[in-house]
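Reader: Can you walk me through the aromatic rings in this one? Keep it casual, please.
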Amino acid sequence: MKSKILIVGALAMATALPALAAEGDPVYNYTLAEADIAEIDDETVGAFDAQGWVGGDYNRFWWKTGGEFADGDFDDAEVQALYSRYISKFWDAQIGVRYDLESKGETYGVIGLQGLAPYFFEVDAAAFVSSSGDVSARFEATGELLFTQRLILEPGIALDFYAEDDPSRQIGSGLSTAEYGAQLRYELTREFAPYVALTYEEAYGDTAYFQRLETGSANRTIFKVGIRTMF
Amino acid sequence: MRFKLAGLLIATSSLIAPAALADVYNLEIDQFERTVDGETLTGVSINGTSPGPLLRLREGEDVTINVTNTLDVDTSLHWHGIILDAGMDGVPGISFDGIAPGETYTYNFTANQSGTYWYHGHSALQEQEGVFAPIIIEPAKPDPFEYDREHVIILADWLNDSPYKALANLKKRSNYYNYNRRTVFDFWRDWRNADRGEKTDVIQERLAWGRMRMDPTDIVDITGYSFLVNGETPEDNWSGLFEAGEKVRLRFINAAAMTYFDVKIPGLKMTVVQADGQNIEPVSVDEFPIAIAETFDVIVEPEAGQSYTIFAAAKDRSGYARGTLSETPGTEAAIPELGPRPELTMAAMGEDHDSHGAMAESEAVGIDEMTMNMSGDAHRGHGEMPAMEHGPKVLSYDDLRALTPYTDRRAPDREVELRLTGNMERYFWSINDVKFGDAGPLEFNYGERVRITFKNETMMEHPMHLHGLWMDLLNGEGDMAPRKHTINIRPGETISADVTVDATGSWAFHCHILQHAATGMFRQVNVIGGVQ
Ligand SMILES: [Cu+2]
């Protein structure tokens, strides 16, 4: 996946503090990446999810990417490039573009909000307008429960919404799919943590109808094993 | 390799010829390899050591200090607590341009004061890399207390990770170094241990922290330090000698970048005689907290045949600095227990909490007595909690009383409010919600008296240090208010100090927690008018 490598390469920027012991707005960077595999219908499916930023406290270039591959082919794969602006103590507003490498090379405009909600929920909410005018939205939230300082359970939820039916992509309008899951990871270090995850995916409305036609079921439960890195 | 305090006069000529009080000191800032607790890291030294050499000056002396930079980056030295011309203060970008690689900068000032002070780097994070050392200025007239010998105890913290890396880690994840967060089992234990009526309180409190997106275990930003006495680890066991019957003056300096200490010497009462270089009415204590950048001088009377542990516990109880007072080198005494790690509680402290922006949310969840207090820290009380009758006497700011009244007794002309603010999640710090990079200078007028009121709206303590001007701490002592160069403000606390604006030029004013200053809790103060 070339574009991902390009983006990561662009982040290899130095950080520097000015000579006096107080800053203007020096540049830092952050990357969080997860990769895992699962057995789904006797097929090994790999998935990756990564995001990061480079910039100061107020203005950041933020990137996100994610996708699935099976049999050496990408199923879903997307990349986002966003300008992220600190708007209040716990929140960034984001605007930028998303490009789907799969399934059909679509480009979207993105506007979103990312940050920390009360009770320590990491929230990422974004609306997308495709080049053909389709409107969709995604809402993700995760929390953390510590069993020990290193053994951490991260429950999460992800919801997808579409403004209109799109039978070509087996999508119905409204809440189309939801994913409820929990990742249990062991932070060997802050930078490196193996994990297992259990997710339950369910389709709703017409999306469920389309999926039942295709696979006979509108939901599935997936067990994943993966690695999380932060750097 | 071990590093000892270079406790020597670096210009011995001052011992003779008291008439010619004008000495030249040469200092060189250079990289060095430093091994602490078995790990070697590159640090920055002054004349090859950290702490650097003790500067022993005399009141009235005209001092010339040539500082040569042999690093490949800019450097600087700042004379902490010394009142001098702004151009000699040593803060790059404010007082001067800094010292470029290969350059020598000459500082000139007259030591117009006496007492215990220190000097340190003010460039980037070099102070944490080792650039600090003590200054003693001998008084023109003897101090009003007696002692037979003295030792400098300079406390420090050393991270076996570059401070630049540490800051980058905190920017990635503000709880990067916190391996003491509350777990579900902690919650379960608290819930089980609570009486029936208090079980909902346990839940309410947990929810309140969550609602505010704050963490009660967030006591310090970085753990994993080695704590040093005069450059030596607890295992090295720095020792200070005494002879039977002597009164020993210990000059404590907290030169740590990020660490507060609680200091005690089990078996000895300590008589505090000086704070921030200024003589105070002697106070006998069993323990004193020392904020970053503060100094306290104490006098102890060790008994013959005894050894004593100088024990400086880090605020978060993640470790301690330790040395030994004894008659013979190489001895040691029992080391006290560190005690439990403190945790922030939302218990009743009730101190003007309405005024805190961060606290306002707490009222929405119905915990009306919420203000934060260090539970392990009740002894720092500023009157909100009467001292326990039988417990050890711990120094508080309320105990500090100047020995001579301050000279300027005018009422303040105006008040400047400085709210100490920050964003723990993003890991940056600010004053009045504005970072240094986005803030204009504070303007003081030469000759006026300004009341500075600090309001700490964060969960962290902040030792605020004003360069070039004294702060008269308003602790209820009236004309006997102690003068300080560094005032510590605890979470939720409001403290005022009056400043006589008697030095013209530009000055730095900042939190002395290094990573707080470096990320924005910093201001420039311009004194307008007066004669340069
Ligand atoms: Cu601070």
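Author: Sure, one term before we start: buried means under 20% relative accessible area, exposed means over 50%, and partly exposed is in between (1.4 Å probe, protein chains only). This is a predicted model, where local features need pLDDT of at least 70 and side-chain atom pairs count only at pLDDT 80 or more, while totals for chains, interfaces and linings use all residues. Residues are numbered from 1 along each chain as its sequence is written, and side-chain values use heavy atoms, with hydrogens and water left out.

Reader: How many aromatic pairs are there over all chains?
Author: The search of the whole structure turns up 26. Rings of Phe, Tyr and Trp (its six-membered ring) pair if their centres lie within 6.5 Å; planes under 30 degrees apart are stacked, over 60 edge-to-face, and the rest tilted.

Reader: What about F147(A) and F185(B)?
Author: They make a tilted pair, 6.1 Å centre to centre with 45 degrees between the planes. F147(A) is partly exposed at 26% relative accessible area, and F185(B) is partly exposed too, at 48%.

Reader: And how do W79(B) and Y107(B) sit?
Author: Their planes are at 85 degrees and their centres 5.0 Å apart, so that pair is edge-to-face.

Reader: Is W79(B) buried or exposed?
Author: W79(B) is buried, at 0% relative accessible area, and Y107(B) is buried at 0% as well.

Reader: Which cluster is W79(B) in?
Author: One aromatic cluster formed by W79(B), F96(B), Y105(B), Y107(B), F109(B) and Y119(B).

Key
Chains lettered and ligands numbered in written order.
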